[in-house]
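Let's take a walk through this model, starting with how its strands pair up and ending at its pockets. Keep the viewer open as you read.

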Amino acid sequence: MKNYSISREKVFFLDKTLQDIFLEEKLVLIDGGAAGGISAPFDVAENHVKAVRFEPRGKETVSIESSDIFIDGGIWSEDVELPLHIATGASASSICKPNKAFLEGYDDRYGWPLRKTARIVDVKLRSIDSVVKNGEAPEPHFIKLDIHSAELPALKGALHSLGRCIGVLVESWHSEVHLQQGLHCEVEKLLIDNGFTVYDNVCASRWRHKHANNISPADRPQYIGSEMLFIRESIPKDLAIKKIMILSLFGFGNAAKQVAEEHSDYLGKEKITRIIDTISKYQERKLRSPRKLMAKVFRKISTLLEK
């Protein structure tokens, strides 16, 4: 998910300083909507991640690393085969039918012309619980869902596999873009009821309304979709390092330091010192980066003015 892209500089934090800690056990990532490579921010830490890649369109659509696990199917509440509505814009395809009455009221770039069904194909769907129970994948430490209106069923089918899950990143919808889909409010309530806390909410989509088939650039677009990060507050002590890793990747450095200190009896003083010192150094580098960028801008402006 593009909103959490981070610099490859983060590899220094993971690979150089804390490599021995993180490689004790890889972080298990459930990757729902897995076409291409691992999504941000886990792409910069792929040496430390075992990704479970769910994808109904075939293994050839996924960039698989040696430690990854491929699951032939999309994610749903149960193991089942259902019709997939392939949209005119393929990336907007969904198990749920597009809501024509709703979509026709918005900018054609995002509304009905893009999302209308071009064809229907039956696809295999799996639940996370089933995959874990059958031994096809370990329990997840993190779940990422970008699955176009299937978010709520996917989470309902993972409730027995959340015992060691530290975080969830989910793209959800505030309006019924697809008929009978679960809405953002239901996704948020389900996760909060299961011990997760909202850490971030980023706008994933805003659409302008149409009138007489016209769009006004002056209009404020309606908030349609969110990309939301949830983190579990209470975790088993043996997951402290995983939580520190996740918080660091998403930019919550001070929260990661706090986790280290809260688990001092388990991690030991030496590890805590290394963790806190390393995160502090990265925070300082991030803080200096904008100043370096502005210095370059000013130098370029000065050069232009001198000509």
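Two strands count as paired here if DSSP finds at least two bridges between them. With that in hand, look at E5 and E6: they are joined by 8 bridges and pair in the antiparallel sense. One spot to click on is Glu81, which sits opposite Lys124 in E6. Keep in mind that this is a predicted model, so we'll check its confidence before going much further.

Averaged over the chain, the pLDDT is 86, and 85% of the residues reach at least 70. Where does confidence peak, and where does it bottom out? The highest mean belongs to helix H5 (residues 128-133), at 98, while helix H1 (residues 10-17) has the lowest, at 53. There is also a stretch to treat with care: over residues 300-307 the pLDDT falls below 50, and beyond near neighbours in sequence those residues make 0 contacts in the model. Where pLDDT is low, the predicted coordinates should not be read in detail.

Now for the overall picture. The chain has 307 residues, and 48% of them count as buried. Its secondary structure comes to 11 helices and 12 strands. Take the contacts between residues at least 6 apart in sequence: 67% of these join residues at least 24 apart.

Back to E5 and E6, which belong to an open sheet of 3 strands. The order is E4-E6-E5, and the pairing is mixed. Why do E4 and E5 each have a side without a neighbour in the sheet? Both stand at the edges with a single partner strand each, so one side of each is left free of a neighbour there.

Another strand worth following is E12 (residues 222-232). Of its 11 residues, 9 are buried, so E12 is largely enclosed by the rest of the structure. E12 pairs with E9 in the antiparallel sense over 10 bridges, and Thr197 stands opposite Ile231 in E12. E8 also runs antiparallel to E12, with 7 bridges joining the two. Here you can pick out Ser172, whose bridge partner in E12 is Ser226.

With the strands in place, turn to the empty space. The largest pocket holds about 510 Å³. It is lined by 28 residues, and the ones closest to its centre are Gly33, Arg57, Asp146, Ile147 and His148. Which strands feed into this lining with at least two residues each? They are strand E1 (27-32), strand E2 (49-55), strand E4 (74-75), strand E5 (80-87) and strand E6 (117-126). By class, the lining of the largest pocket breaks down into 13 nonpolar, 10 polar and 5 charged residues.

The second largest pocket has a volume of about 210 Å³. Its lining takes in 14 residues, with Arg115, His148, Glu171, Trp173 and Ser205 closest to the centre. Does His148 ring a bell? That residue is also listed among those closest to the centre of the largest pocket. Helix H4 (112-115), strand E8 (167-173) and strand E9 (196-207) each give at least two residues to the lining of the second largest pocket, and E9 gives the most, with 4 residues. Sorted by class, this lining has 6 nonpolar, 5 polar and 3 charged residues. E8 and E9 are also the strands we met beside E12, joined to E12 by 7 bridges and 10 bridges respectively.

Technical notes. Residues numbered from 1 in each chain as written. Predicted model: local features only at pLDDT ≥ 70, side-chain atom pairs only at ≥ 80, totals over all residues. Heavy atoms only, no water. pLDDT = per-residue confidence, 0-100. Contact = heavy atoms within 4.5 Å. 1 Å grid on protein atoms, 1.4 Å probe; cavity = no way out; pocket = protein on both sides within 12 Å on 5 of 7 lines; lining within 4 Å. Points joined across faces, edges and corners; volume = space filled by probe spheres on them. Nonpolar A, V, L, I, M, F, W, Y, C, P; charged D, E, K, R; others polar. Buried < 20%, exposed > 50% of the residue type's maximum accessible area, 1.4 Å probe, protein only.
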